[in-house]
There are 2 protein chains.
Amino acid sequence: MNKLLIVGTVAFDAIETPFGKTDKILGGAATYISLAASQFNVESAIVSVVGGDFPEGYLEMLNSKNINTTGIEIVKDGKTFFWSGKYHNDLNTRDTLITDLNVLADFNPKVPENFENPEFLMLGNLHPAVQMAVIKQIPKRPKLVVLDTMNFWMDNTWDELIEVISKVDVITINDEEARQLSGEYSLVRAAQKIHKMGPKYVVIKKGEHGALLFNNGDIFFAPALPLEDVFDPTGAGDTFAGGFIGYLASTHDISFNNMKRAIIYGSNLASFCVEKFGTRRMEDLTEKEVQERLRDFKELTQFEIELN
Amino acid sequence: MNKLLIVGTVAFDAIETPFGKTDKILGGAATYISLAASQFNVESAIVSVVGGDFPEGYLEMLNSKNINTTGIEIVKDGKTFFWSGKYHNDLNTRDTLITDLNVLADFNPKVPENFENPEFLMLGNLHPAVQMAVIKQIPKRPKLVVLDTMNFWMDNTWDELIEVISKVDVITINDEEARQLSGEYSLVRAAQKIHKMGPKYVVIKKGEHGALLFNNGDIFFAPALPLEDVFDPTGAGDTFAGGFIGYLASTHDISFNNMKRAIIYGSNLASFCVEKFGTRRMEDLTEKEVQERLRDFKELTQFEIELN
């Protein structure tokens with residue numbers, strides 16, 4: 001089975017949407033990525049850090065999904081990273097209310113045993129210095145390295161971020177971040193510039209408007225599934241990335257055609273993620289449900305036209 | 001050959017975009033719709049009105065595309081409808097600078113000879129009373145009636161608009177208008193409510209984010225083609241609608257599967273429309289170019305996944 005190493009936050013989130021609010025629940029980029037990837041036949045491990053306040057039950061839940069958590073350092077006298085946010089009525093925008101880095105402030109990532117040479121490496125949204133530290137601990141270059149990042153690191157750690165970007169195969173960012181990173185408004189031009197920074201593949205996430213995959217001249221687009229209700233968008237982008245790399249790792253095929261399928265699987269899983277608060281929907285998601293929704297995606301996008 | 005009757009404005013536009021500005025050039029919903037539809041094997045005619053200031057050359061250009069203009073009333077001592085707008089840097093939003101209704105203010109539409117019983121009727125964006133007057137002049141119900149409208153008529157002529165909506169098969173509006181018309185934020189829920197107002201098919205245009213086609217439970221999505229540069233978005237929505245109904249009229253097939261193709265053709269033609277100011281690109285567009293871009297749309301959207 002192919003190995004997938006996931007670096008990212010494991011956290012507490014407190015979320016408020018127009019439909020309700022939660023106390024501290026399980027969150028974090030690595031959590032969502034690993035849950036999405038667990039839908040595929042892949043051996044995955046998380047590199048992260050939590051505090052002594054992190055419930056054992058959460059780790060057990062991840063382990064039950066065949067996610068290796070030995071790389072999650074537990075700082076006994078520390079507190080777990082905490083994020084709190086409130087979504088606006090349109091669910092497309094949100095205010096961050098609290099960001100308590102806690103144990104994340106001094107995080108030195110350590111790649112766990114048996115994962116020193118993963119075939120697939122997912123660098124979840126995190127300080128680029130941490131992402132780089134993991135890259136450096138892996139002697140043999142993975143078959144595919146995927147980087148997720150955000151505007152915060154562009155604003156505050158530009159040089160470090162640019163160095164990480166130069167070392168990855170795929171970058172996933174949203175449309176505004178692609179514009180900020182490239183200085184180009186057109187996403188086609190933005191992708192062209194970002195290719196020159198390193199990544200052969202550029203994935204631009206547009207939330208409810210879908211996602212674009214660029215590989216030089218080639219472009220593929222996957223829509224988000226139109227839903228009657230979006231309950232909580234938290235983790236949708238990470239779930240998308242986890243589905244993307246999880247599918248690629250399970251098939252061990254990084255051709256552009258297979259990346260198309262991976263983008264569809266990412267969108268598919270993200271459409272479940274938003275149906276309940278936090279990780280709830282991803283925890284009980286079955287392969288049968290994913291397959292059924294794949295049918296919806298085909299009906300939504302596939303057509304037959306004879307070319308002259 | 002199937003007959004397509006198009007009701008809508010024929011106008012002068014003055015446009016300013018970040019890339020330049022024009023004096024008064026040819027514009028109007030019916031103009032764009034008819035030019036798009038002229039890409040297909042269909043006999044079309046426009047019902048509209050212009051002033052004595054409208055250049056004969058514009059009518060000749062339309063005639064050269066096999067568009068019947070005998071239903072365009074010429075009010076010798078009147079002035080042609082004039083619209084002027086300025087696009088913001090993102091090209092997604094614009095300010096209307098001038099709207100001079102001129103001869104449009106007292107327009108009594110008259111269906112031209114030989115088009116009293118069109119198989120296809122396109123009601124372009126216009127006062128709903130004018131749209132209704134055309135519906136009433138057609139004794140035999142067309143095979144398909146498509147309505148395009150906008151928020152302005154929702155704000156100002158709600159009751160008349162609702163009556164027209166109750167009489168059509170397809171409505172095309174943008175996402176914000178679908179929300180305004182239905183009172184629902186979710187586009188899936190919005191489409192459900194709009195179905196109940198009459199239209200069996202609801203097309204929601206999302207500009208650069210593509211278009212959705214709803215037919216009760218069935219949904220189809222076509223992306224906009226990602227472009228390096230968008231020069232002038234004026235007329236893109238009308239071109240989309242014209243491509244949609246033009247393709248349907250030429251194939252005489254109004255099944256959901258054929259509407260999928262029609263939506264793709266609409267997106268295809270709209271992607272050309274925005275490449276130059278006004279109608280310029282549509283005037284010189286060739287079938288070969290359209291076919292080549294169809295290949296781009298297939299590459300952009302089609303994938304192969306085996307369902308379990």
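Two residues are taken to be in contact if their C-beta atoms, placed from the backbone, lie within 7 Å. With that in hand, a good place to start in this predicted model is the nonpolar core. The largest one has 193 residues, and the members that touch the most others are M122(A) and M122(B). Setting aside neighbours within four places in sequence, M122(A) is in contact with L4(A), I6(A) and V7(A), then with I33(A) and V146(A), and finally with A241(A) and I245(A).

Next come the two chains and how they sit together. In general, a rotation about an axis and a shift along it relate two copies of a chain. Here, chain A lands on chain B after a rotation of 180° with 0.0 Å of shift along the axis, and the RMSD is 0.0 Å. That is the relation of a two-fold axis. Both copies also use the same surface, as 100% of the contact residues of chain A recur in chain B.

As for the interface itself, 29 residues of chain A are in contact with 29 residues of chain B. On the chain A side, the elements giving two or more residues are three helices, α7 (187-197), α9 (256-273) and α11 (287-301), along with the strand β15 (218-222). The largest share comes from α11(A), which puts in five residues. By residue class, this side of chain A breaks down into 16 nonpolar, six polar and seven charged residues.

Helix α6 of chain A, spanning residues 175-182, is worth a look of its own. Its buried residues include E177(A) and A178(A), and further along L181(A) and S182(A). These four lie on the same side of α6(A), because they cover an arc of only 120° around the axis. What do the buried residues of α6(A) pack against? Their partners in chain A are two helices, α4 (151-156) and α7, and two strands, β12 (170-174) and β13 (201-205). The helix α7 has already turned up among the elements on the side of chain A that touches chain B. Just after α6(A) comes G183(A), with a positive phi of about 75°.

One last residue to pick out is Y58(A), which is part of helix α2 (residues 56-64) of chain A. Is Y58(A) buried or exposed? A residue is buried if 20 or more other C-beta atoms lie within 10 Å of its own. Y58(A) has 20 C-beta neighbours inside 10 Å, so Y58(A) counts as buried. Measuring C-alpha to C-alpha, Y58(A) and G20(A) are 22 Å apart in space, with their positions 38 residues apart in sequence.

Definitions and conventions:
Residues numbered from 1 in each chain as written. Chains lettered and ligands numbered in written order. Predicted model: local features only at pLDDT ≥ 70, side-chain atom pairs only at ≥ 80, totals over all residues. Least-squares fit on C-alpha atoms with pLDDT ≥ 70 in both. Nonpolar A, V, L, I, M, F, W, Y, C, P; charged D, E, K, R; others polar. Buried ≥ 20, exposed ≤ 12 C-beta atoms within 10 Å, placed from the backbone. Arc of directions from axis to C-beta. Core = buried A, V, L, I, M, F, W, Y, C linked by C-beta atoms within 7 Å.
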